[in-house]
Amino acid sequence: MPRLITHLCLVAAIGLAACGGSQTTNTTPDTPTQPSGPMLREQTSLPIGVALGVGSFEPASSIRYSPQASQLRHLAASEFSSVVAENVMKPEYIHPQEQQYHWNDGDYLVQFAQQNNMRIHGHTLVWHNALPSWMSNYSGNWESMLADHITTIVSHYSDSINSWDVVNEAFLDDGSLRSSIWSSHIPDYLAKAYTLARAADPDADLYYNDYNIEAMPKKLDAVLKMVTDFRTRNIPIDGIGFQMHIDRYWPSTNEIRQAFSRCVAMGLKVRISELDIRMNPNNTATALTPELAEAQRQRYRDVITTYLSTVPAELRGGITVWGLTDALSWTPWYYKIPDWPLLFDANFQRKPAWTGMSEALQATP
Ligand code: XIL
């Protein structure tokens with residue numbers, strides 16, 4: 001019986017029925033593709049995080065409502081030391097009406113994390129996506145509305161959330177400011193958002209989070225220009241979140257290293273905030289073959305090694321993967337291509353990708 005399944009079934013005491021498949025694997029010897037070893041969270045003091053579904057609108061991935069919820073919770077708490085809500089802390093879900101905040105799902109995640117000694121990262125206060133319609137169509141005082149939104153949410157979680165993505169994806173790939181409800185209605189909204197977040201929780205690390213900044217220097221130029229401007233005006237910001245929705249080929253570890261180095265040179269913290277590594281970007285595969293799985297092991301190892309060798313310990317904000325198992329990844333839905341981009345397979349088994357991550361963590365003090 002593979003080690004992880006043993007652990008899941010016996011320690012979680014969730015019963016054989018919930019682990020039906022394991023009975024047939026009982027007599028099957030371990031294969032090299034089912035790695036064993038200490039849990040990821042036991043291998044490093046660095047926060048190793050995972051994005052989790054919580055809401056009833058996320059029926060497969062929800063650690064609360066999925067038919068597999070107890071297995072999801074057990075795997076998350078066993079391997080990871082940090083969590084982020086994949087959706088339930090986005091404005092659409094947490095602030096569905098102007099006078100109404102929906103705390104229930106976020107609070108569930110916080111309680112789960114606290115019970116399991118995990119850190120909690122907040123995602124995300126200000127974004128152009130996942131907006132409630134009342135916000136998109138707002139006709140009142142926009143600055144007061146932004147202030148209420150940020151202050152209320154950050155204050156609610158000030159005792160529990162360690163760090164926030166204050167603004168997500170404010171720039172386009174060419175480095176220009178993305179036009180959004182925020183840029184259209186609030187001059188200098190970026191600076192205002194960070195100032196409000198710091199006032200509501202002076203202890204939380206405040207991040208700017210975006211995709212492609214590890215691959216597109218012009219986009220990172222714009223982000224770092226914002227940071228430089230903030231510093232001249234005493235606007236708080238602590239770090240940059242690199243989403244890193246990347247693939248087996250793109251970008252190169254050299255490009256990733258250069259991007260991290262630029263942040264380090266400015267004394268910014270660096271998080272890998274939404275890591276997944278797609279192995280089928282050109283839609284040529286129908287399954288994760290052993291060859292693809294091995295390539296993914298090396299790619300995970302190389303990406304994590306690049307992070308650990310470029311970002312000094314005091315500036316490491318941690319590494320978070322965007323989903324628990326391949327079956328729950330957002331990428332097949334988003335890119336409309338089958339893929340297997342995460343550390344665990346649909347049966348909750350560690351993949352070679354897990355080994356790649358583990359190898360990188362164990363090689364670096
Ligand atoms: C994605 C979630 O994974 C999906 O479940 C949801 O339908 C759409 O959003 N960048 C981000 C994340 O900052 O919030 C996105 O999450 C993925 C891209």
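## Exercises on a predicted model

Leaving aside its neighbours within four places in sequence, S160 is in contact (heavy atoms within 4.5 Å) with V110, Q114 and I120. The structure is a predicted model, in which local features need pLDDT of at least 70 and side-chain atom pairs count only at pLDDT 80 or more, while totals for chains, interfaces and linings use all residues. Residues are numbered from 1 along each chain as its sequence is written, and side-chain values use heavy atoms, with hydrogens and water left out.

**Exercise 1.** State where S160 is found, and decide whether S160 is buried or exposed.

*Solution.*
- Step 1: S160 belongs to the loop between α8 and β4 (163–168); helices (H or I, at least four residues) and strands (E, at least two) are DSSP runs, numbered from the N terminus.
- Step 2: The relative accessible area of S160 is 13%. Buried means under 20% relative accessible area, exposed over 50%, and partly exposed in between (1.4 Å probe, protein chains only).
- Step 3: S160 is therefore buried.

**Exercise 2.** Follow the pairing of strands from β2 to β6, and name a bridge partner at each step.

*Solution.* Two strands pair if DSSP finds at least two bridges between them.
- Step 1: β2 (residues 82–85) pairs with β3 in the parallel sense over three bridges, and V83 has I120 of β3 as its bridge partner.
- Step 2: β3 and β4 run parallel and are joined by four bridges; here H123 stands opposite D165 in β4.
- Step 3: β4 and β5 also run parallel, over five bridges, and the partner of D165 in β5 is Y207.
- Step 4: β5 pairs with β6 (residues 239–242) in the parallel sense over four bridges, with G239 in β6 as the partner of Y207.

**Exercise 3.** Explain why β3 and β5 are each described as largely enclosed, and sort the residues of β5 by direction.

*Solution.*
- Step 1: Seven of the eight residues of β3 (residues 119–126) are buried, so β3 is largely enclosed by the rest of the structure.
- Step 2: In β5 (residues 205–210), six of the six residues are buried, so that strand is largely enclosed too.
- Step 3: In a regular strand the side chains alternate between the two faces of the sheet.
- Step 4: In β5, D205, Y207 and N209 point one way, whereas L206, Y208 and D210 point the other way.

**Exercise 4.** Describe the surroundings of W182 and its pairing with W142.

*Solution.*
- Step 1: W182 is one of the residues with the most contacts inside the largest nonpolar core, which has 104 residues. Such a core is a set of buried Ala, Val, Leu, Ile, Met, Phe, Trp, Tyr and Cys residues joined through side-chain atoms within 4.5 Å.
- Step 2: Not counting residues up to four places away in sequence, W182 touches eight residues by name: V126, W127, L131, M135, W142, M145, L146 and Y189.
- Step 3: The structure holds 15 aromatic pairs. Rings of Phe, Tyr and Trp (its six-membered ring) pair if their centres lie within 6.5 Å; planes under 30 degrees apart count as stacked, over 60 as edge-to-face and the rest as tilted.
- Step 4: W142 and W182 form an edge-to-face pair, at 5.9 Å centre to centre with 85° between the planes. W142 lies in α8 (residues 142–156) and W182 in α9 (residues 181–185), so the pair ties together parts that are 40 residues apart in sequence.
- Step 5: W142 is buried, at 7% relative accessible area, and W182 is buried at 1%.
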